[in-house]
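Subject: Handover of a structure and the findings so far

Dear colleague,

Please find below the structure that I am handing over to you. The findings follow directly after it.

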Amino acid sequence: MKKINFYDVKPYDKEFFDMANLKYQYQIIYHEEKLNPHTALFAKGSDAVCAFVNDNIDKDTIEVLHGEGVGLIAMRCAGYNNVDFKAAHEKIHVVRVPAYSPYAVAEHAIGLLMTLNRKLHKAYNRTREFNFSLNGLTGFDLHGKTVGVIGTGKIGRCFIDICKGFGMNVIAYDPYPIKDSDIVYVEVEELFRRSNVISLHCPLTKDNHHLINKAAIEKMMDGVVIINTSRGALIDSEALLEELLSEKVGAAGLDVYEEESDIFYVDNSNIIIQDDVLRRLLSLPNVLLTSHQAFLTKEALANIADTTLGNISAFFENSALENEVCYQCSGSPGECKHVETGRCFK
Ligand code: NAD
């Protein structure tokens with residue numbers, strides 16, 4: 001029986017993977033620990049490992065996994081900025097789940113926007129204490145406002161559709177615009193200047209680290225609302241904090257945070273968090289932070305489990321790896337052998 005070690009597992013992962021595994025009957029070993037060069041040793045005797053967004057899949061981790069005979073890293077997520085693809089190339093195949101529910105993430109982004117704008121988080125606390133005052137809860141109509149969408153892939157497009165339903169004017173920036181679409185593309189600087197709301201839906205790459213920094217925010221409208229459900233390091237958190245304090249930024253809805261890896265997904269309520277930027281962000285009434293949960297719907301979890309075990313099964317059967325990624329196909333389209341052979345390398 002094929003053995004797979006899973007890392008950074010939570011009870012909801014187990015529930016959906018156990019269900020999907022009824023079809024495959026693999027031997028799954030669940031670990032709460034994150035994958036790193038030390039925990040990679042757990043994978044001894046294992047055929048594949050399954051990892052998540054905050055696992056440390058650097059050169060050292062890959063070398064240990066390779067040494068233990070692991071041939072596949074199955075990411076149970078879409079993003080893969082935590083994988084050292086150059087180190088993995090020709091050693092370990094890396095597959096991912098490119099789409100599981102773009103609706104889940106887009107709807108969460110809208111949830112952050114709606115909550116911040118209409119101050120539902122404050123209203124919830126007030127009415128529970130029988131405080132029925134409306135002072136300080138004034139929002140603005142989304143209808144007629146301009147939303148700037150950065151990244152018009154699967155999630156960005158769902159987000160755009162919802163915003164259009166609200167009667168918002170949508171403008172977008174994407175270095176690879178969709179041809180023949182009705183999306184109004186503008187340069188990123190123009191998007192910064194014209195948008196009342198900016199929502200990030202692009203991957204984190206080496207080129208767009210701190211895309212939203214002090215200089216970018218200074219170009220934005222006063223009171224701009226920034227929503228990030230993509231990756232934390234797209235935003236310079238210190239600059240964001242400064243611009244929230246100066247009231248240049250009106251509100252920030254963050255499902256991701258650049259230093260989230262040791263903090264998110266666990267109950268830290270009994271320890272003193274040392275990250276001062278995070279503590280100060282969380283102290284502000286116009287910041288709403290969720291713990292990288294935008295994907296967390298039943299539909300998305302079921303799709304993640306089905307696609308991940310499907311990817312693993314294709315690997316074991318020596319079939320084409322439809323959802324494989326490597327540094328060549330993700331970085332420089334055309335250089336990778338995937339299209340011809342179905343695998344990024346043999
Ligand atoms: P996708 O691949 O379908 O689309 C990404 C789009 O971003 C593409 O159109 C691409 O051309 C564009 N892009 C690439 N570089 C860009 C840049 N520098 N500036 C602007 N656009 C750029 O991906 P998706 O499924 O829509 O997911 C988008 C991102 O959402 C993922 O990369 C991931 O980081 C994040 N995500 C977060 C969660 C969560 O739970 N919070 C869940 C899934 C995905």
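I begin with the ligand and the backbone around it. A polar backbone atom of glycine 153 lies 3.4 Å from an oxygen atom of the ligand. Please bear in mind throughout that this is a predicted model.

**The ligand and its surroundings**

Two further contacts with oxygen of the ligand should be noted. Isoleucine 155 places a backbone N or O atom 2.9 Å from a ligand oxygen. Arginine 231 takes part through its side chain, a polar atom of which is 3.4 Å from an oxygen atom of the ligand. The ligand on its own would expose 870 Å², and the protein buries 86% of that area.

In total, 23 residues surround the ligand, and the closest are Tyr100, Lys154, Ile155, Asp174 and Thr229. Isoleucine 155 thus appears both in the list of closest residues and among the backbone contacts. Sorted by class, this shell consists of 11 nonpolar, eight polar and four charged residues.

**Threonine 152**

Threonine 152 belongs to the loop between β6 (146–150) and α6 (154–165). With a relative accessibility of 2%, threonine 152 counts as buried, because the cut-off for that class is under 20%. Its side chain makes a polar contact of 2.8 Å with the side chain of tyrosine 185.

**Aromatic pairs**

The structure contains 10 aromatic pairs. One of them joins tyrosine 26 and phenylalanine 316: the ring centres are 5.4 Å apart and the planes stand at 80°, so the arrangement is edge-to-face. This pair connects distant parts of the chain, since 290 residues separate tyrosine 26, in the loop between α1 (11–20) and β2 (27–30), from phenylalanine 316, in helix α11 (residues 298–316). Both tyrosine 26 and phenylalanine 316 are buried.

A second edge-to-face pair is formed by tyrosine 80 and phenylalanine 85, with 5.3 Å from centre to centre and 85° between the planes. Are these two residues buried or partly exposed? Tyrosine 80 is partly exposed, at 24% relative accessible area, whereas phenylalanine 85 is buried, at 9%.

Ring pairs also link Tyr24, Tyr26, Phe315 and Phe316 into a cluster. Phenylalanine 316 has a further neighbour: lysine 2 lies over the face of its ring, 5.1 Å from the ring centre.

**Asparagine 311 in helix α11**

Helix α11, which holds phenylalanine 316, also contains asparagine 311. What does the side chain of asparagine 311 reach? It reaches the backbone oxygen of arginine 96, at 2.8 Å. Asparagine 311 is buried, and its relative accessible area is 7%.

**Two residues with positive phi**

Most residues other than glycine have a negative phi. Two exceptions deserve your attention. Glutamine 25 has a positive phi, near 60°, and is located in the loop between α1 and β2. That loop also holds tyrosine 26, described above. Glutamine 25 is partly exposed, with a relative accessible area of 49%.

Tyrosine 265 likewise has a positive phi, near 75°. Its place is in the loop between β10 (249–254) and α10 (276–282). Tyrosine 265 counts as buried, at 15% relative accessibility.

**Cysteine 50 and histidine 89**

Two further residues complete this account. Cysteine 50 is part of strand β3 (residues 48–51), and its relative accessible area is 0%, which places it among the buried residues. The C-alpha atoms of cysteine 50 and tyrosine 30 lie 9.4 Å apart in space, with the two positions 20 residues apart in sequence numbering.

Histidine 89 is found in the loop between α3 (85–88) and β5 (93–95). At 14% relative accessibility, histidine 89 counts as buried. From the C-alpha atom of histidine 89 to that of aspartate 275 the separation is 35 Å, and the two residues are 186 residues apart along the chain.

With kind regards

How values were computed: Residues are numbered from 1 along each chain as its sequence is written. This is a predicted model: local features need pLDDT of at least 70, side-chain atom pairs count only at pLDDT 80 or more; totals for chains, interfaces and linings use all residues. Side-chain values use heavy atoms; hydrogens and water are left out. A residue is near a molecule or strand if one of its heavy atoms lies within 4 Å of it. A polar contact is a pair of N or O atoms within 3.5 Å; within protein, one must be able to donate a hydrogen and the other to accept it, and residues adjacent in sequence count only if both atoms are side-chain atoms. Accessible areas come from the Shrake-Rupley method with a 1.4 Å probe; for residues, only the protein chains shown count as cover. Ala, Val, Leu, Ile, Met, Phe, Trp, Tyr, Cys and Pro count as nonpolar, Asp, Glu, Lys and Arg as charged, and the others, Gly among them, as polar. Rings of Phe, Tyr and Trp (its six-membered ring) pair if their centres lie within 6.5 Å; planes under 30 degrees apart count as stacked, over 60 as edge-to-face and the rest as tilted. Helices (H or I, at least four residues) and strands (E, at least two) are DSSP runs, numbered from the N terminus. Buried means under 20% relative accessible area, exposed over 50%, partly exposed in between (1.4 Å probe, protein chains only). A charge sits over a ring if NZ of Lys or CZ of Arg is within 6 Å of the ring centre and within 35 degrees of the ring normal.
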